[in-house]
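Hello,

Here is the structure I promised to pass on. Please open it alongside this email. My notes follow below it.

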Amino acid sequence: MMVRRGFFQLGFCAVLLLASLAPTDLTAQTAGKSAPAAEPQLAAPQVPAEPQLAEPQRAQQSYSLPPDKLAKAIALSRIRNILEIAGSIWGLVVLWLLLASRAAAGLEAWAKRMAARRWVQGILFFAAVILIGKLADLPLGLIGHYEGLKYGISVQSWASWLGDEGKALGLALVIYTAVLLLFNWIVRLWPRRYWLGLWVATVPLLVLTIFISPLVEPLFNQFEPLAKNHAGLVAQLEKVVTRTGTNIPPERMFLMKAGLKTNGLNAYVTGVGATKRIVVWDTTASRIPDDEVLFIFGHESGHYVLHHIPKLIAGMAAGLFFVYWACAGFANWLVGRLGASWKVSEISSRSGFVVLLFVVSVAGFVLEPVSNGFSRHFEHQADVYGQEAVHGIVADPQKTAVAAFNDLGEAWLEDPNPSPLIEFWLFNHPSTKRRAEFAAHYDPWANGGRGEFFGK
Ligand SMILES: [Zn+2]
């Protein structure tokens with residue numbers, strides 16, 4: 001929840017982070033939002049190209065915006081997409097420059113001069129790399145926040161925003177330094193098969209990160225039991241809980257005071273085991289009709305019931321096995337080829353680890369459409385589940401779902417007609433238009449049929 005997409009969402013810790021910072025949320029894309037929810041998964045996306053609609057047809061789309069908001073949404077979407085792509089590429093450039101300018105080698109020598117103990121040298125080296133990465137990320141972050149304020153998505157003061165950045169930096173320094181130190185140690189321990197060791201270490205770390213993520217989030221946002229100020233809503237939600245047969249007690253429903261920072265709407269599931277919970281933003285709970293919140297809750301329940309978080313962990317673990325293996329080969333080749341000019345002697349050195357970070361970041365960038373394809377699949381499943389979950393509880397599930405997508409899209413200023421290529425590469429949710437159009441036509445109960453997930 002707390003860190004933007006950027007430098008440190010690439011690389012090893014990135015992989016961990018992606019998972020932890022990625023509660024399976026309902027709304028779509030990122031930049032300019034305070035709480036992007038990249039959902040890392042892996043799979044082949046199927047996004048048929050769609051013809052652009054001519055102006056007069058737009059009004060008949062299931063998701064549409066009034067003309068003034070449409071213009072803003074198109075402009076803001078362009079900015080978001082540029083920031084996201086630029087952020088990924090910039091992260092790679094920074095790592096490459098660290099190597100090519102021999103700054104990484106210089107930092108390694110500096111750390112050796114500063115401390116006698118190896119692990120202290122490691123802490124100094126990785127803390128410096130993390131700090132550089134964070135500073136390099138700052139300009140794009142500033143632009144993102146500026147645009148968020150300009151378009152009225154964000155209402156967070158600059159002081160508060162900078163405070164969050166500071167906290168995120170502090171956390172990154174503590175957590176990533178420790179993780180990088182551990183990973184670097186594994187590489188030294190098994191110089192030939194280190195990728196396997198890294199993989200073995202990554203899997204429990206993934207679970208741990210998702211487990212502690214709900215415990216870290218209160219550093220950035222205020223949470224309270226949803227029942228505290230929305231008892232009526234909780235009573236309504238209980239109906240969905242009963243229908244879904246999920247045992248989500250009110251103690252696992254939280255309200256996040258997002259309205260202090262954003263005008264966006266969202267809800268998400270997060271945590272695993274004892275920390276598993278459903279979080280509804282206060283903006284969502286108070287600004288749209290309860291029926292729509294029920295649908296959103298149904299969608300989130302879908303993630304919960306269909307075990308999307310454990311599946312996500314399993315999918316990532318399986319994918320990372322091959323990614324790490326391939327990255328190790330590529331990193332070794334790079335060190336052999338360019339190590340001398342970078343003053344990087346071997347992968348197991350500190351600066352050698354930066355080569356590994358670079359290679360994994362390249363893999364993360366290239367595989368983004370794959371993981372987004374998986375994510376879109378899960379999100380679509382949750383949409384179907386949500387609509388079925390409110391059947392018999394709200395008067396018209398189709399209309400309710402379409403209205404919810406329109407409210408979400410308008411709150412975030414989502415472009416009603418994103419380019420198929422952008423959707424394929426960057427979207428971890430199907431576009432709002434696609435979701436609304438599916439919802440408008442999804443009626444399995446017509447002619448006595450039944451839903452995919454419910455017997456009636
Ligand atoms: Zn979702």
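**Salt bridges**

Start in helix α5, which covers residues 118-150: Glu147 and Lys150 both sit there, three residues apart, about one turn of the helix. Their side chains meet in a salt bridge, at 3.5 Å from N to O. Glu147 has 12% relative accessibility, so it counts as buried. Please keep in mind that this is a predicted model.

Across the whole structure, a search finds nine salt bridges. Two others deserve a look.

The next one pairs Lys261 with Asp164, and their closest N and O atoms are 2.7 Å apart. Lys261 lies in the loop between β3 (253-256) and β4 (267-270), while Asp164 is in helix α6 (residues 158-189), so this pair ties together parts that are 97 residues apart in sequence. Are these two residues buried or exposed? Both Lys261 and Asp164 are buried.

Then there is Lys257 with Glu224. Their side chains form a salt bridge at 3.3 Å, N to O. This pair also links distant parts of the chain: Lys257 is in the loop between β3 and β4, Glu224 is in strand β2 (residues 223-225), and 33 residues separate them. Lys257 counts as partly exposed because its relative accessibility is 28%. Glu224 is at 6%, so it counts as buried.

Which residues do shared salt-bridge partners join into one network? They are Asp164, Lys167 and Lys261.

**A lysine on the outside**

Lys399 is in helix α15, residues 397-412. Its relative accessible area is 63%, and the cut-off for exposed is over 50%. Lys399 is therefore exposed. Look at Ala440 as well. Lys399 and Ala440 are 41 residues apart along the chain, yet their C-alpha atoms are separated by 6.7 Å.

**Aromatic rings**

How many aromatic pairs are there? The count comes to 17. One of them is Phe295 with Phe405, an edge-to-face pair with 5.5 Å centre to centre and 80° between the planes. Phe295 is in helix α11 (residues 290-305) and Phe405 is in helix α15, so to speak of distant parts of the chain is fair: the two are 110 residues apart. Phe295 is buried, with a relative accessible area of 0%. Phe405 is buried too, at 1%.

Now take Tyr385 and Phe453. Their ring centres are 5.5 Å apart and their planes meet at 50°, so the pair is tilted. This pair links distant parts of the chain: Tyr385 is in helix α14 (residues 368-389), Phe453 is in the segment after α17 (432-441), and their positions lie 68 residues apart. Tyr385 counts as buried, at 3% relative accessibility. Phe453 counts as partly exposed, at 26%.

One aromatic cluster is made up of Trp195, Trp199, Phe321 and Phe322.

Two charged side chains sit over rings. The charged end of Arg243 is over the ring of Phe454, 4.4 Å from its centre. The charged end of Lys276 is over the ring of Tyr304, 4.2 Å from its centre.

**The protein overall**

The protein has 17 helices and five strands. It has 456 residues, and 57% of them count as buried. About 18500 Å² is exposed, and carbon and sulfur atoms supply 65% of that area. Among contacts with a separation of 6 or more, 78% come from residues 24 or more positions apart.

**Confidence**

The mean pLDDT of the protein is 87. What share of its residues reach 70 or more? The share is 87%. Residues 1-59 are another matter: pLDDT stays under 50 there. The model has 196 contacts beyond four places in sequence for that stretch.

Best wishes

Technical notes
Residues are numbered from 1 along each chain as its sequence is written. Side-chain values use heavy atoms; hydrogens and water are left out. A salt bridge is a side-chain nitrogen of Lys or Arg within 4 Å of a carboxyl oxygen of Asp or Glu. Helices (H or I, at least four residues) and strands (E, at least two) are DSSP runs, numbered from the N terminus. Buried means under 20% relative accessible area, exposed over 50%, partly exposed in between (1.4 Å probe, protein chains only). Contact means heavy atoms within 4.5 Å. Accessible areas come from the Shrake-Rupley method with a 1.4 Å probe; for residues, only the protein chains shown count as cover. Rings of Phe, Tyr and Trp (its six-membered ring) pair if their centres lie within 6.5 Å; planes under 30 degrees apart count as stacked, over 60 as edge-to-face and the rest as tilted. A charge sits over a ring if NZ of Lys or CZ of Arg is within 6 Å of the ring centre and within 35 degrees of the ring normal. pLDDT is the predictor's confidence in each residue, from 0 to 100.
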